[in-house]
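User: I have a structure open and would like to talk it through with you. Could you start with the overall make-up and then go into the details?

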Amino acid sequence: MNRPTLSVIVPNYNHGAYIGEQLHAIVQQSHQPLEILVIDDCSTDNSIEVINEWVENNPLIKLVCNEKNLSINDSLNRAVEMVSGEYLCCCPADDRILPGFFAKSMDLLVQYPEASLCCSVPAFLDDKTGIIDPHNDWYRFRETPYYVSPQELIDVVGPDNLWIAGVTCIFKRNAFIESGKYVSDLRWYSDWFIWHVMAFRSGICYIPEALAAIRVLPTSYSEMGRKETQAETEVVKHLVKLLRSEQYKDVLPSFKNSKLLDHFSFSPVLKKVYPNVVR
């Protein structure tokens with residue numbers, strides 16, 4: 001089967017202890033990507049030393065170092081402009097993809113070219129024990145991989161249903177750019193937002209199997225960010241502003257009707273504007 005080209009982006013910041021595992025998992029995939037771009041955001045640990053060893057031994061791997069710390073969202077947006085694959089995959093340095101991830105995802109995307117992304121069940125990697133919990137019983141709406149249309153997605157996506165986890169996503173480069181890329185002001189919700197924007201516009205491919213694992217770290221960007229009440233409030237304010245904007249008004253009803261915004265029920269900002277958010 002002929003597949004479109006795939007570029008892999010590996011964002012790294014002080015994950016020298018983990019990035020070797022992720023790069024090993026990437027180069028061991030049965031379907032090899034066009035390129036593997038590691039973008040380092042001014043790490044102060046031994047990351048560069050570890051990455052350079054991989055660069056020297058694999059011609060697919062390239063290292064780009066930011067001149068100043070940009071944050072993960074701006075780093076990823078920069079990396080997207082440097083790669084050329086028709087499809088992209090973001091593989092964070094501290095997570096780990098699982099066997100078959102690229103091949104199974106790309107096969108399904110070829111079968112359903114209307115979909116802007118493919119995702120699967122997220123597994124969880126315990127950093128202390130090294131045990132991967134595959135959670136293969138999650139979100140098993142069907143036993144086989146399938147395409148979920150934008151309208152169907154409204155009924156199954158949400159906090160307690162189908163979870164579009166960024167670590168499991170392979171997505172169309174052009175659709176990602178046209179949808180606005182990662183919005184820095186959304187911080188730890190930027191990937192959550194862009195995946196759902198793309199999904200509500202063109203649907204998704206879904207694989208009811210664990211193909212990528214999130215490493216459970218209390219110091220992760222999202223875990224620490226959500227504990228900052230003021231910062232979280234500012235993020236929600238910007239989310240509301242975006243949903244009301246001309247750029248995203250086409251998907252705003254889908255966000256509301258799918259109950260995705262219930263995820264922010266804690267927010268006094270959203271409680272205040274939620275009844276009128278579509279106006």
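User: How many helices and strands does the protein chain have?

Analyst: This is a predicted model, and in it the protein chain has eleven helices and ten strands. Of its 279 residues, 55% count as buried, and among the contacts with a separation of 6 or more, 81% are accounted for by residues 24 or more positions apart.

User: Which residues touch the most other members of the largest nonpolar core?

Analyst: That core has 53 residues, and Leu117, Ile164, Phe193, Trp195, Ile204 and Phe255 are those that touch the most other members. Helix 7, residues 190-202, supplies the largest share of this core, with eight residues.

User: And what is Phe255 in contact with, leaving aside its neighbours in sequence?

Analyst: Once neighbours within four places in sequence are left aside, Phe255 is in contact with Trp192, Phe193, His196, Val197, Phe200, Leu243, Leu260 and Leu261. There is also a second, separate core of 34 residues, which includes Ile51, Tyr147, Val167 and Ile214.

User: Switching to helix 1, which of its residues are buried?

Analyst: The buried residues in helix 1 are Ile19, Gly20, Gln22, Leu23, Ala25, Ile26 and Val27. Because seven of its nine residues are buried, helix 1 is largely enclosed by the rest of the structure.

User: What covers them?

Analyst: The cover over the buried residues of helix 1 includes strand 1, strand 2, helix 2, strand 3 (61-65), strand 5 (96-97) and helix 4 (101-111).

User: At what angle do helix 1 and helix 2 pack?

Analyst: Helix 1 (residues 19-27) and helix 2 (residues 47-57) pack at an angle of about 20°, and their axes are 10 Å apart. Angles under 35 degrees count as roughly parallel, and the two helices are therefore roughly parallel to each other. Helix 1 passes helix 2 in a right-handed crossing, and the contact is made by Ile19, Gly20, Leu23, His24 and Val27 of helix 1 together with Val50, Ile51 and Trp54 of helix 2.

User: Just after helix 1 there's His31; is that buried or exposed?

Analyst: His31, which lies in the loop between helix 1 and strand 2 (35-40), counts as buried because its relative accessibility is 12%, and the cut-off for buried is under 20%. Leaving aside neighbours within four places in sequence, His31 is in contact with Arg3, Leu6, Phe102, Ala103 and Met106.

User: So where does Arg3 lie, and what does it touch?

Analyst: Arg3 lies in the segment before strand 1 (6-12) and is partly exposed, with a relative accessible area of 30%. Not counting residues up to four places away in sequence, Arg3 touches His31, Ala103, Met106, Asp107 and Val110. Arg3 and Leu108 are 105 residues apart in sequence, while their C-alpha atoms are 10.0 Å apart in space.

User: Different topic: how far does helix 9 reach from its first C-alpha to its last?

Analyst: Helix 9, residues 229-243, has 15 residues and reaches 21 Å, which is close to the 21 Å expected at 1.5 Å a residue. Its buried residues are Ala231, Glu232, Thr233, Val235, Val236, His238, Leu239, Val240, Leu242 and Leu243.

User: What is Ala231 in contact with?

Analyst: Leaving aside neighbours within four places in sequence, Ala231 is in contact with Arg187 and Trp188. Ala231 and Arg187 are 44 residues apart in sequence and 9.2 Å apart in space, C-alpha to C-alpha, and Ala231 counts as buried at 11% relative accessibility.

User: Which residues of helix 9 does Asp185 touch?

Analyst: Asp185, found in the loop between helix 6 (173-178) and helix 7, touches Val235 and His238, not counting residues up to four places away in sequence. Asp185 and Val235 are 50 residues apart in sequence but 6.5 Å apart in space, C-alpha to C-alpha. With a relative accessible area of 47%, Asp185 is partly exposed.

User: Last one, about the backbone: what is phi of Arg187?

Analyst: Phi of Arg187 is near 50°, a positive value in a residue other than glycine. Most residues other than glycine have a negative phi. Arg187 sits in the loop between helix 6 and helix 7 and is partly exposed, with a relative accessible area of 31%. Asn14 also has a positive phi, of about 60°, although it is not a glycine, and is found in the loop between strand 1 and helix 1.

Methods:
Residues numbered from 1 in each chain as written. Predicted model: local features only at pLDDT ≥ 70, side-chain atom pairs only at ≥ 80, totals over all residues. Heavy atoms only, no water. Core = buried A, V, L, I, M, F, W, Y, C linked by side-chain atoms within 4.5 Å. Buried < 20%, exposed > 50% of the residue type's maximum accessible area, 1.4 Å probe, protein only. Helix = DSSP H or I, 4+ residues; strand = E, 2+ residues; numbered from the N terminus. Contact = heavy atoms within 4.5 Å. Expected span 1.5 Å × (residues − 1). Axes fitted to C-alpha atoms, helices over the stretch in contact; angles between N-to-C directions. Parallel < 35°, antiparallel > 145°, perpendicular 65-115°, else oblique. Left-handed = near helix turned anticlockwise from the far one by under 90°.
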